[in-house]
Amino acid sequence: VAKVRQLDDESVVPTPPAFRLPAPARVAIVSICAYGDTEPVRILGSENHQVYAELHGYDLYQVTDKSQIQANFASQMDVEDG
């Protein structure tokens, strides 16, 4: 984690305090990735999201199956498209 933090610190532009949410605001990552369990994009994406969330102290919610999504049909949302 130390090496990842070092690389992250080098690549991120500091955010001025005026642009930060006031405490006790919390940030969470929501990821929707319903590829098959063994698909590289799902494995690498999930690992990346976990490291990033841990690094920054964010909560992480990963949706990994279309059954976890309640479609909004009025917006023509299609959970069967991929």
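Strands, as the term is used here, are DSSP runs of E with at least two residues, numbered from the N terminus. Keep that in mind as you work through these exercises on a predicted model.

**Exercise 1. Find the strand that holds Val30, and decide whether Val30 is buried or exposed.**

Solution.
- Step 1: Look along the chain for β1, which covers residues 28-32; Val30 belongs to this strand.
- Step 2: Take the relative accessible area of Val30, 59%.
- Step 3: Exposed means over 50%, so Val30 is exposed.
- Step 4: Now look at the surface around this residue. Val30, Ile32 and Tyr61 make up a nonpolar patch there, and their accessible area together is about 350 Å².

**Exercise 2. List the salt bridges in the whole structure and describe the partners of each.**

Solution.
- Step 1: Start with the general idea: side chains of opposite charge can pair when their charged atoms come close.
- Step 2: Searching the whole structure gives two salt bridges.
- Step 3: One of them joins the side chains of Asp59 and Arg26, with an N to O distance of 2.8 Å. Asp59 sits in strand β2 (residues 59-63), while Arg26 is in the loop between α1 (2-11) and β1, so this pair ties together parts 33 residues apart in sequence.
- Step 4: Check the accessibility of this pair. Asp59 is partly exposed at 28%, and Arg26 is exposed at 58%.
- Step 5: Arg42 and Asp37 form a salt bridge too, and their closest N and O atoms are 2.8 Å apart. Here Arg42 is buried, with a relative accessible area of 13%, whereas Asp37 is exposed at 60%.

**Exercise 3. Place Ser46 in its helix and find what its side chain meets in the backbone of Arg42.**

Solution.
- Step 1: Helix α2 spans residues 40-56, and Ser46 is found in it.
- Step 2: The relative accessible area of Ser46 is 17%. The cut-off for buried is under 20%, so Ser46 counts as buried.
- Step 3: Go to the backbone oxygen of Arg42: a polar atom of the Ser46 side chain lies 2.9 Å from it.
- Step 4: Put this beside Exercise 2, where Arg42 forms its salt bridge with Asp37.

**Exercise 4. Report the confidence of the protein chain, and say where it is lowest and where it is highest.**

Solution.
- Step 1: For the protein chain, the mean pLDDT is 85.
- Step 2: Of its residues, 96% reach 70 or more.
- Step 3: Confidence is lowest in α1, with a mean of 84, and highest in β2, at 94.
- Step 4: Link this back to Exercise 2: β2 is the strand in which Asp59 lies.

Note on methods
Residues numbered from 1 in each chain as written. Predicted model: local features only at pLDDT ≥ 70, side-chain atom pairs only at ≥ 80, totals over all residues. Heavy atoms only, no water. Patch = residues over 30% accessible without salt bridge, like charges linked within 9 Å, V, L, I, M, F, W, Y side chains within 5 Å. Areas by Shrake-Rupley, 256 points an atom, 1.4 Å probe, with all protein chains shown as cover. Salt bridge = Lys/Arg side-chain N within 4 Å of Asp/Glu carboxyl O. Helix = DSSP H or I, 4+ residues; strand = E, 2+ residues; numbered from the N terminus. Buried < 20%, exposed > 50% of the residue type's maximum accessible area, 1.4 Å probe, protein only. Polar contact = N/O pair within 3.5 Å; in protein donor to acceptor, adjacent residues only side chain to side chain. pLDDT = per-residue confidence, 0-100.
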